[in-house]
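Work through these exercises with the model open beside you. Try each task before you read its solution.

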Amino acid sequence: MPPLARDDSLGRELPSTVDEDGVSYIVVHPLSPTAADEMTLAVGDKIIVGDVFSDGWGFGVKLQTGDRGFLPLHHITEDRTPFQSNGSSRQPSPARSNKSSVISSPVSERTAWSASGSSASASASASATTPPKIIMPPSFDVAPIKVGPGVETFNASIQALSVTTPIVAAPPYSPAAASTGSAPTGSSSSSSFLKKKGIPPPAAPMPNLPNVPPVQALNVDGVVNVRNAEAHLGLLHRFVVLEPHDRFDQMADWRYLCRAELRYLKWLNFLATQRPHPDSLPLPPIDVALMWHAHMLNPLRYYEDTSFILGASAPEYSMPLQRMHQLEGLEYDPQDGSQSVWTSVTDEPYTIPLGDQTPVSVTCPWCMKETLVDADVYVSFRMKDTGISCQDCGVILTADNVSAKRFLTDCTLYLTQARPVRGSILDEKTQTVNTTKAMRDLDILLKSTASAAAINNMLLRANDASTCNWTSIENDMKEVIGTLRKGRLLKGVRRSTLTKVLKAYKYNMAPTSIDLVAAVLRQRPFTLKMVSGVVDWLERDALPRATQRYHKFITLMAREPSKFLVPTLDIDLMWHTHQLFPNKYRSYTLSNVRQVVNHDDGVDDKTLDDSFVTTTKLWKRHFREQYSYLNKESKWFRRAPRSVFPAYATYAASQLPADATHVNR
């Protein structure tokens with residue numbers, strides 16, 4: 001089991017008493033203490049838990065011996081059998097039976113559907129001779145949504161999974177049973193990745209219990225399936241290895257990411273000019289894949305950017321997950337010709353070291369001459385800290401004037417060649433490309449006679465680096481908007497157009513509408529959660545269940561189109577996997593949700609908190625099942641069935657009504 005670093009529980013005094021009528025737990029993973037106040041745990045020990053702490057540790061008493069100490073909560077699960085000591089049964093008191101568990105059992109999803117509201121119980125000996133208790137879940141309905149090849153009509157399969165398939169109370173955990181657990185393909189190398197990175201490996205697999213029917217995995221849209229999810233997890237392992245070993249060497253990290261961004265732009269240019277067939281697509285270098293992955297996880301920005309860069313007729317390129325997953329070892333060393341193609345087309349090495357300090361060539365947008373600068377100097381320029389002096393014309397290049405120049409150049413191209421500017425081409429309702437609406441908006445904003453003087457004055461700033469900046473441009477646009485408003489000419493312009501256009505360009509020097517380095521940095525917490533053992537992907541049903549829950553999540557989007565829904569980690573993995581097949585993702589969500597669904601990884605915590613509460617309520621209302629098992633006391637041990645959900649769930653739990661907190665009643 002992955003160790004949990006102690007934080008909140010460290011240095012606490014051992015409580016003198018523990019409520020012996022509290023909920024008892026059974027140890028499912030042994031523990032050898034590393035501190036004097038920690039408890040030794042053996043599989044089968046029974047524990048009463050008193051206090052729990054935000055670092056995932058709790059204080060407990062061992063019922064058999066009376067030993068007291070601190071223990072990690074992910075080593076125990078709720079005890080569903082009466083405690084026996086000296087041949088007598090310890091029956092729970094009425095007070096105990098009404099108390100809620102401080103953690104959720106690994107098998108709680110299978111036992112939570114008792115019609116009477118009580119969980120199933122069976123001793124180890126009884127389970128060997130007595131048929132397991134069959135517990136039927138309540139029914140729920142799901143709107144028809146296409147699932148894709150490989151699965152029968154899911155419109156009926158949800159009903160079958162929830163009504164006709166019995167859910168069996170699982171027998172107690174045993175090491176022997178655990179040895180039969182199945183691991184995802186390719187997971188044997190996971191520990192190598194994590195060990196190299198200094199991250200504990202994922203938790204050991206839970207048992208493949210013979211009396212519990214396996215969860216039926218779905219193949220949503222032909223690509224959201226267990227096989228691709230496993231390959232995606234493998235890719236995330238590789239991404240974690242790219243993070244700096246010395247977390248304080250931020251400059252080295254930024255050098256690597258800034259160089260990777262430049263190399264990714266060469267990859268996009270390769271796709272645009274060479275148009276390789278998707279089936280014979282060379283494998284991108286791992287740093288390029290890191291940027292491509294982050295770009296794809298902003299589907300609307302990726303959609304618009306590739307429409308400009310690759311063109312509308314470009315082949316349907318997707319992340320080659322399976323081919324990347326088949327590469328052995330940490331080195332990421334494809335031998336299929338990918339390396340030679342990359343080096344011949346880009347004149348770049350296939351692999352760059354994490355400490356790369358190669359000088360960078362910067363092109364001045366005024367004189368079009370190149371200036372070679374030190375890697376650290378380029379990073380400071382790229383991260384908007386300092387400027388670079390052009391060696392030819394002497395202009396001080398900054399993120400402000402370079403991005404402003406790019407915007408004004410594209411505005412001129414629209415006036416002369418009718419090429420829309422970035423941020424304008426997506427329909428505000430369906431999020432599909434709609435150049436008709438874009439050109440209508442831009443005609444009013446840039447071609448109106450009433451505002452011609454202000455527009456011309458703004459465009460002339462592109463010739464002078466000293467006046468080419470966003471403060472001047474925004475002042476010019478305020479004058480344009482004021483003039484158009486007075487003439488009542490803004491009625492035909494979509495409200496979001498100007499905001500999206502300016503956001504796509506402001507301080508962004510790359511020909512993309514998002515800051516890719518920032519996008520990679522935002523994804524790192526998610527990536528670390530995926531591979532560090534927070535979610536037990538090795539449990540037999542974890543990934544199959546996640547495919548079902550993702551399908552329900554899309555269904556909920558279709559039913560509640562006005563709501564901002566927040567996924568749990570297991571759903572988020574499947575959602576991200578779907579987005580790595582951009583064309584299929586767009587078609588699928590447009591068909592089923594009536595719009596291309598965006599995935600915004602830059603939402604503030606308050607919005608996530610509130611929206612998670614909303615999602616939890618809606619999930620229970622529509623599907624009559626718990627969205628995620630919540631625990632107000634412990635920030636770490638919160639999970640969807642076999643999955644821990646995001647860090648903002650503590651707040652979410654406090655906002656839920658009492659009847660939404662537990663399934664068992």
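**Exercise 1. Strand pairing**

How many bridges join β2 to strand β3 (residues 57–62), and do the two run parallel or antiparallel?

*Solution.* This is a predicted model.
Step 1. Count the links: four bridges join β2 to β3.
Step 2. Check the direction: β2 and β3 run antiparallel.
Step 3. Pick one bridge. Isoleucine 48 has valine 61 of β3 as its bridge partner.
Step 4. Turn to strand β1 (residues 24–27). β1 also pairs with β2 in the antiparallel sense, over three bridges. Here isoleucine 26 is the bridge partner of lysine 46 in β2.
Step 5. Look at cover. Strand β2 spans residues 46–52, and five of its seven residues are buried. That makes β2 mostly covered.

**Exercise 2. The span of a helix**

Work out what span the 25 residues of helix α8 (residues 250–274) should have, and compare it with the distance between the end C-alpha atoms.

*Solution.* Step 1. The expected span is 1.5 Å times one less than the number of residues.
Step 2. For the 25 residues of α8 this gives 36 Å.
Step 3. The end C-alpha atoms of α8 are 36 Å apart, which agrees.
Step 4. Ask about cover. In α8, 18 of the 25 residues are buried, so the "buried" cut-off of under 20% relative accessible area is met by most of the helix.
Step 5. See what comes next. Arginine 275 follows α8, and its phi is positive, near 45°.

**Exercise 3. What a helix packs against**

Find which elements the buried residues of α10 pack against.

*Solution.* Step 1. Helix α10 covers residues 299–309, and eight of its eleven residues are buried.
Step 2. Name some. The buried residues of α10 include Pro299, Leu300, Tyr302 and Tyr303. Charged names appear too, among them Arg301, Glu304 and Asp305.
Step 3. Read off the partners: the buried residues pack against α8, α9 (286–296), α21 (569–579) and α22.
Step 4. Now look at two rings. Arginine 586 lies over the face of tyrosine 303, at 4.1 Å from the ring centre. The charged end of arginine 422 sits over the ring of phenylalanine 308, 4.6 Å from its centre.
Step 5. Just after α10, glycine 311 takes a positive phi of about 95°.

**Exercise 4. An aromatic pair**

Are the rings of tryptophan 619 and phenylalanine 623 stacked or edge-to-face?

*Solution.* Step 1. A ring pair is described by the distance of the centres and the angle of the planes.
Step 2. The structure holds eleven aromatic pairs. In the pair of tryptophan 619 and phenylalanine 623, the centres are 4.9 Å apart and the planes are at 75°.
Step 3. Planes over 60 degrees apart count as edge-to-face. The pair is therefore edge-to-face.
Step 4. Place the two residues. Both lie in helix α23 (residues 605–623), four residues apart, about one turn of the helix. An α-helix has 3.6 residues a turn, so residues three or four places apart point the same way.
Step 5. Tryptophan 619 and phenylalanine 623 are both buried. Ring pairs link them with Phe612 and Tyr627 into a cluster.

**Exercise 5. Buried or exposed?**

Decide whether threonine 589, leucine 543, aspartate 347 and arginine 594 are buried or exposed.

*Solution.* Step 1. Recall the cut-offs: buried is under 20% relative accessible area, exposed is over 50%.
Step 2. Threonine 589 has 0% relative accessibility, so threonine 589 is buried. This residue lies in helix α22 (residues 582–593). Beyond its neighbours within four places in sequence, threonine 589 is in contact with Arg594, Gln595, Val596 and Val597.
Step 3. Leucine 543, at 3%, is buried too. Leucine 543 lies in helix α20 (residues 542–559). From arginine 227 it is 316 residues away in sequence, but 9.2 Å in space, C-alpha to C-alpha.
Step 4. Aspartate 347 is exposed at 70%. Its place is the loop between α12 (338–346) and β10 (360–363). Aspartate 347 has a positive phi of about 60°, although it is not a glycine.
Step 5. Arginine 594 is exposed at 52%. Arginine 594 sits in the loop between α22 and α23. Its phi is positive, about 70°, and it is not a glycine.
Step 6. Set these against the whole: of the 665 residues of the protein, 55% count as buried.

Terms used: Residues are numbered from 1 along each chain as its sequence is written. This is a predicted model: local features need pLDDT of at least 70, side-chain atom pairs count only at pLDDT 80 or more; totals for chains, interfaces and linings use all residues. Side-chain values use heavy atoms; hydrogens and water are left out. Buried means under 20% relative accessible area, exposed over 50%, partly exposed in between (1.4 Å probe, protein chains only). Contact means heavy atoms within 4.5 Å. Two strands pair if DSSP finds at least two bridges between them. Rings of Phe, Tyr and Trp (its six-membered ring) pair if their centres lie within 6.5 Å; planes under 30 degrees apart count as stacked, over 60 as edge-to-face and the rest as tilted. A charge sits over a ring if NZ of Lys or CZ of Arg is within 6 Å of the ring centre and within 35 degrees of the ring normal.
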